[in-house]
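Here is a walk round the charges, greasy spots and odd corners of one model. Keep the structure open while you read.

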Amino acid sequence: MDDILAKINGFREERDWRQFHNPKDLSISISLEAAELLENFQWKTSEEVLNGDMENVKEEIADVLIYSLMLASDLNMDVSEIIEEKLHKNSLKYPIASSKGSSKKYTEL
């Protein structure tokens, strides 16, 4: 993870873009890129998209991840640590015995 973060941060440092990357704008960018990812699936089945040209899907996923990683880095968050913490919280909200094979929200289990 450190290598990819260094590449991302190096890319924006070389272009002096950090000045534009405050938490609010990075959060907005994550949402915008996620919407662009969704646009690939609009009016299509998942199968149509997955069996078609996946290049744009890959690029939009990369954009979401890049902005997310920049935000976490700027907020001095350890990505591995916050993911582990969230997985732990989710495991408590969604115990295997009551959630396996179910799409119900934890409040409905």
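Patches here are built from residues with over 30% relative accessible area and no salt bridge, joining like charges within 9 Å and nonpolar side chains (Val, Leu, Ile, Met, Phe, Trp, Tyr) within 5 Å. This is a predicted model, where local features need pLDDT of at least 70 and side-chain atom pairs count only at pLDDT 80 or more, while totals for chains, interfaces and linings use all residues. Residues are numbered from 1 along each chain as its sequence is written, and side-chain values use heavy atoms, with hydrogens and water left out.

## Charged patches

Lys and Arg count as positive and Asp and Glu as negative, with His and the chain ends not counted. The place of a charge is taken as NZ of Lys, CZ of Arg, CG of Asp or CD of Glu. Accessible areas come from the Shrake-Rupley method with a 1.4 Å probe, and for residues only the protein chains shown count as cover.

With that settled, look for the negative patch on the surface: its members are Asp2, Asp3, Asp78, Glu81, Glu84 and Glu85. Two elements, α1 (2-14) and α5 (79-93), each give two or more residues to this patch. The top contributor is α5, with three residues. Helices (H or I, at least four residues) and strands (E, at least two) are DSSP runs, numbered from the N terminus.

Asp3 sits in helix α1 and is exposed, at a relative accessible area of 63%. The cut-offs go like this: buried is under 20% relative accessible area, exposed is over 50%, and partly exposed is in between (1.4 Å probe, protein chains only).

There is a positive surface patch too, made of Lys86, Lys89, Lys93 and Lys105. Lys93 belongs to helix α5 and is partly exposed, with a relative accessible area of 31%.

## Salt bridges

Side chains of opposite charge can pair when their charged atoms come close. A salt bridge here means a side-chain nitrogen of Lys or Arg within 4 Å of a carboxyl oxygen of Asp or Glu. Searching the whole structure turns up six of them; some are in the table.

| Pair | N to O distance | Citation |
|---|---|---|
| Arg15 and Glu14 | 3.3 Å | salt bridge |
| Asp74 and Arg18 | 2.7 Å | salt bridge |
| Lys24 and Asp25 | 2.7 Å | salt bridge |

Which parts does the Asp74 and Arg18 pair tie together? Asp74 is in helix α4 and Arg18 is in the loop between α1 and α2, so the pair links parts that are 56 residues apart in sequence. Asp74 is partly exposed at 24% relative accessible area, and Arg18 is partly exposed at 34%.

As for the other pairs, Arg15 is partly exposed, with a relative accessible area of 37%, whereas Glu14 is exposed at 67%. Lys24 is exposed at 54%, and its partner Asp25 is partly exposed at 28%. Salt bridges with shared partners also join Arg12, Glu13, Arg18 and Asp74 into one network.

## A buried Glu without a partner

Glu33, in helix α2 (residues 23-39), is buried yet has no salt bridge. How far away is the nearest side chain of opposite charge? That side chain is Arg12, 14 Å away. Contact means heavy atoms within 4.5 Å. Setting aside neighbours within four places in sequence, Glu33 is in contact with Glu60, Asp63, Val64 and Tyr67.

## The nonpolar patch

Leu75, Met77, Ile82, Ile83 and Leu87 make up a nonpolar patch on the surface, and together they have about 430 Å² of accessible area. Leu75 lies in the loop between α4 (55-74) and α5 and is partly exposed, at 38% relative accessibility.

## Odd backbones and a buried Ser

Most residues other than glycine have a negative phi. Trp43 is not a glycine, yet has a positive phi of about 65 degrees. Trp43 is in the loop between α2 and α3 (46-50) and is exposed at 79% relative accessibility. Asn76 is not a glycine either, and has a positive phi of about 55 degrees. Asn76 lies in the loop between α4 and α5 and is exposed, with a relative accessible area of 74%.

Finally, Ser99 is in helix α6 (residues 96-99) and counts as buried at 14% relative accessibility. Not counting residues up to four places away in sequence, Ser99 touches Tyr94 and Leu109. The C-alpha atoms of Ser99 and Asp63 are separated by 31 Å, with the two residues 36 apart along the chain.
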